[in-house]
Amino acid sequence: MVKKKIGNLSTYLSEIAVHGIQEKKGNDIVRLDLRELNSSVSDYFIICSANSATQVKAIADSVEEEIYKNTQTNPWRKEGQEAADWIILDYFDIVVHIFKTEKREFYGIEDLWGDAQATSYKSA
């Protein structure tokens, strides 16, 4: 469980999301801090890779469960559950992107936000 920290709610949500990803062994976890960018659509993007559609779904479920358990918040929007090549969980202030590895390489989302400060995390 992630212990609540005093400070920015979006930072706290992003930490919970990372924890949820780590619980299901997500790969190459990166948190992009978009707060200083003029064109940002949220405060953080959290991005990770998974080896299969089953793992993509498991990670998405874990992130949703962890955020709900800690904040009683559901995502405003979810996309991609059917094919599970790329699931997006949108919490307004943070957006979680869970990719199958080959889809992440194809879309190169980190490159689109290259000016953002990136923090990498290890899988649990």
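The exercises below, each with a worked solution, concern the salt bridges and nonpolar cores of a predicted model.

**Exercise 1.** Find which residue forms a salt bridge with Arg77, and decide whether each partner is buried, partly exposed or exposed.

*Solution.* Begin with the pairing itself: Arg77 forms a salt bridge with Glu79, and their closest N and O atoms lie 2.8 Å apart. This falls inside the cut-off, because a salt bridge requires the nitrogen to be within 4 Å of a carboxyl oxygen. Next, take the accessibility of each residue in turn. Arg77 has a relative accessibility of 46% and so counts as partly exposed, and Glu79, at 35%, likewise counts as partly exposed. The pair belongs to a structure that holds 7 salt bridges.

**Exercise 2.** Determine where in the chain Asp85 and Lys100 lie, and whether each is buried or partly exposed.

*Solution.* First establish the contact: Asp85 and Lys100 form a salt bridge in which the closest N and O atoms are 3.6 Å apart. Then place the two residues: Asp85 sits in the loop between strand 3 (77-79) and strand 4 (86-90), while Lys100 belongs to strand 5 (residues 94-100), so that the pair, 15 residues apart, links distant parts of the chain. Finally, compare the accessibilities with the 20% limit under which a residue is buried. Asp85 has a relative accessible area of 25% and is therefore partly exposed, whereas Lys100, at 18%, counts as buried.

**Exercise 3.** Describe the salt bridge between Arg104 and Glu110, then name the residues that shared partners join into one network.

*Solution.* The closest N and O atoms of Arg104 and Glu110 are 2.3 Å apart. Arg104 counts as buried because its relative accessibility is 9%, and Glu110, at 24%, counts as partly exposed. As for the network, salt bridges with shared partners join Asp85, Lys100 and Glu102.

**Exercise 4.** Work out which elements build the largest nonpolar core, and which residues Ile94 touches.

*Solution.* Start with the core as a whole, which has 23 residues, Ile94 and Val96 being those with the most contacts inside it. Two or more residues come from each of helix 1 (9-23), strand 2 (44-50), helix 2 (53-71), strand 4 and strand 5. Of these, helix 1 gives the most, with 6 residues. Turning to Ile94, and leaving aside residues up to four places away in sequence, its contacts include Leu13, Ala17, Tyr44, Ile46, Ile67 and Leu89, together with Ser10, Ser14 and Ser42. Apart from this core lies another, of 11 residues, among them Val30, Leu32, Phe99 and Ile109.

Methods
Residues are numbered from 1 along each chain as its sequence is written. This is a predicted model: local features need pLDDT of at least 70, side-chain atom pairs count only at pLDDT 80 or more; totals for chains, interfaces and linings use all residues. Side-chain values use heavy atoms; hydrogens and water are left out. A salt bridge is a side-chain nitrogen of Lys or Arg within 4 Å of a carboxyl oxygen of Asp or Glu. Buried means under 20% relative accessible area, exposed over 50%, partly exposed in between (1.4 Å probe, protein chains only). Helices (H or I, at least four residues) and strands (E, at least two) are DSSP runs, numbered from the N terminus. A nonpolar core is a set of buried Ala, Val, Leu, Ile, Met, Phe, Trp, Tyr and Cys residues joined through side-chain atoms within 4.5 Å. Contact means heavy atoms within 4.5 Å.
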